[in-house]
Structure formats: structure tokens, C-alpha cells
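Please look over the sequence and the model below before reading on. The paragraphs that follow go through the contacts between the parts of the protein and then turn to the ligand.

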Amino acid sequence: MNYRRIVILTGAGVSAESGMGTFRDNDGIWTKYDIEDVATPEGFARNPVLVHDFYNARRRALGDAAPNPAHLALARLEKAVAAAGGELLLVTQNVDNLHEKAGSTNLLHMHGELARVKCDACGVAGAWEGDLDAATECWRCGRVGALRPDVVWFGEMPYGMDAIYERLSACDLFVSIGTSGEVYPAAGFVMEADMAGAHTVELNLEPSANARGFREGRYGPASEVVSQWVEDLVAKLGS
Ligand code: BJW
């Protein structure tokens, strides 16, 4: 099958073997922190120090993290699809930068990025490498304490939704990798792709909450399953 318009969604599972924590697994981030405290605008308003500490630690961890074979395989696939005249959009829910480090370029961070901050007062957003705290001044408007991580919390609108739905409505292959299928709107993408007539594939450690919505599933660690699936697909491209 010669797929030409591919959309791939990734979640925390694709970065698990690079040492970035997942959220809902047994030892996941949500077993140590309350979602309401660190992943909602209300939690940030209540206790900005806690939220800054949480994201500062995760931003620091980015420096040591390296892409694993799954990230590298997806970057390889993007190039192979382009060389065969097609297009691959990689939509990640992850706020790490491992897809970029692996070489993916047609990439959309729907839940934002750890390495960016935005100002709640004036709306400016930009790259940020160091720590952030409640005394940090906005570089544009000068307000103290209004800068926050440029990530999408519960109740906030994810980034790039128009572009994502446009691609989903026209895709012929949709692949979901390493995501639990618990968080919307990402968990609903498979239905959009299915309605567009796309083949749908889930690659995960184990079947996700919406595994039954996919036409095909392959299960095991991303470093193995994704690499093998990419190899199989690249062999068929152009045939
Ligand atoms: C491996 C592996 C290995 C492990 N190899 N695999 C009631 C019903 C429906 C929806 C709602 C509702 N009430 C509220 C909502 C909406 C809400 C929502 O979905 N809530 C649910 C909890 C019910 N969603 C929102 O509020 C979103 N906004 C929104 O809906 O706006 C309105 C809108 C309307 C219409 C259209 C569009 C928008 C915003 C959601 C924001 C999520 N933010 C977070 C934090 C980001 C910043 C940060 O990182 O701190 O995003 S929460 C967290 O969950 C993070 C992740 O991106 C997201 C998804 O998690 P993910 O990636 O799936 O990780 P896990 O841990 O859940 O799963 C890991 C998977 O990997 C597992 O399956 C493992 O098996 C697997 N795995 N090791 C392969 N080695």
C-alpha cells in the first residue's frame, strides 16, 4: 500500500526509553503529583512555586535526554515518505524536544514545549532554557510573575487544532504511538482519521484505552515496535 498523506500522533511512551517519565503508568508522573496542582491554570494561580519547580526539573532533564530508536525511525520515515512524494505530519503530545533532536521537521507540539515560556499578561512567547520562578520578569512587558511554561494544561486549547483536523480529514494512514488514549482531543483523532477512510494503527507497550478504534495494533517497547513498523513501511513505499 502506497500511503501518501500520513499523520502520526505520539505520546509519552515514545520517550519512555529515553528516560522521560510517562504520566499514567504505575510509576508515572501523576502518581507523584496531583494533576489539579501542576497541570491546570487554577493550580498555577494557587501555587506558582510548586508548578515552576515541577517544570524546572523536567526542563533540566531535557539536557541529558537523547532520542531513542523510535524517535530516530520516525525521522527516517519522514524523509522516506517525502522522497516517495508523500507527506508525513508528526503531531506530538510530548513537551520534550526528542523528535527535533532525532531530525523530525514536520512536527507540531500540540501540548506545547518545555523549552518555551509565555507571558499571561502580554501574551509574548519564546524559547527558554533555564529555570523560571515567580520573580522572573517578562522580557517584553516587564510584569513580574506572569511568565509560565508554554505547555497546555487541562481546560486549555491545544495548539494547531485547525491544521491537525485538516490533515486528519485528508489522511490515508494514521498511527498512534505510546499514548494511553485518555486525554482529549488527541484520543479522538483515530475516529477522525477513520471517518476519512484512513488505515489506523496503534503502536504501544500494551493496548490503550481506545485500542478497539484501530484497525491494526502492534505491541511492545517503542524502540522495537516502531523501528520494525517503520522498516516494514519504508520497504513498501513507492511499491
Ligand atoms: C509505552 C512505553 C514504551 C509506556 N513503549 N509505549 C470529559 C470527557 C472528555 C474530555 C474531557 C472531559 N473532561 C475534560 C475533558 C477535556 C480534557 C481531557 O481530556 N480530560 C480527560 C482526563 C478526561 N482535555 C483538555 O482539557 C484538553 N483541552 C481541551 O479539551 O480543550 C477543548 C477542546 C475542545 C475541542 C477541540 C479541541 C479542544 C487539554 C489537555 C492538556 C493535557 N496536558 C498534559 C500536560 C502537558 C504539560 C506537561 O507535560 O506537563 O499533557 S496532561 C498529560 O497527558 C500530557 C500528555 O501529553 C497527555 C497524554 O498523556 P500520554 O502521552 O498519553 O501519556 P500516558 O502516561 O497517559 O500514557 C503513556 C502510554 O505509553 C501508555 O499507553 C503506556 O502503555 C505507553 N508506554 N512505556 C511504548 N517503552
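In this predicted model, the rule finds 3 residue pairs in polar contact across the interface of domain 1 and domain 2, counting pairs in which both residues have pLDDT 80 or more. On the side of domain 1 that touches domain 2, the residues divide into 6 nonpolar, 4 polar and 3 charged, while the number of salt bridges found across this interface is 0.

To place that interface in the chain, the domain assignment gives domain 1 as 1-20 + 67-111 + 158-239 and domain 2 as 22-64 + 114-151. The centres of the two domains, taken over C-alpha atoms, are separated by 26 Å, and 13 residues of domain 1 are in contact with 10 residues of domain 2. Between them, domain 1 and domain 2 bury about 930 Å², with 59% of this area on carbon and sulfur atoms. Within domain 1, the residues that lose the most area to domain 2 are M20, V95 and Y159, which together account for 47% of what that side buries.

The ligand has 36 residues around it, of which F23, Y55, R58, T179 and S180 come nearest. A polar side-chain atom of T179 lies 2.6 Å from an oxygen atom of the ligand, and R58 likewise places a polar side-chain atom 2.7 Å from a ligand oxygen atom. At G155 it is a polar backbone atom that lies 2.8 Å from an oxygen atom of the ligand. Taken alone, the ligand exposes 1500 Å², and the protein buries 76% of that area.

Notes:
Residues are numbered from 1 along each chain as its sequence is written. This is a predicted model: local features need pLDDT of at least 70, side-chain atom pairs count only at pLDDT 80 or more; totals for chains, interfaces and linings use all residues. Side-chain values use heavy atoms; hydrogens and water are left out. Domain bounds come from an automatic or database domain assignment. Contact means heavy atoms within 4.5 Å. Buried area is the accessible area (1.4 Å probe) that two parts lose on being put together, summed over both. A salt bridge is a side-chain nitrogen of Lys or Arg within 4 Å of a carboxyl oxygen of Asp or Glu. A polar contact is a pair of N or O atoms within 3.5 Å; within protein, one must be able to donate a hydrogen and the other to accept it, and residues adjacent in sequence count only if both atoms are side-chain atoms. Ala, Val, Leu, Ile, Met, Phe, Trp, Tyr, Cys and Pro count as nonpolar, Asp, Glu, Lys and Arg as charged, and the others, Gly among them, as polar. A residue is near a molecule or strand if one of its heavy atoms lies within 4 Å of it. Accessible areas come from the Shrake-Rupley method with a 1.4 Å probe; for residues, only the protein chains shown count as cover.
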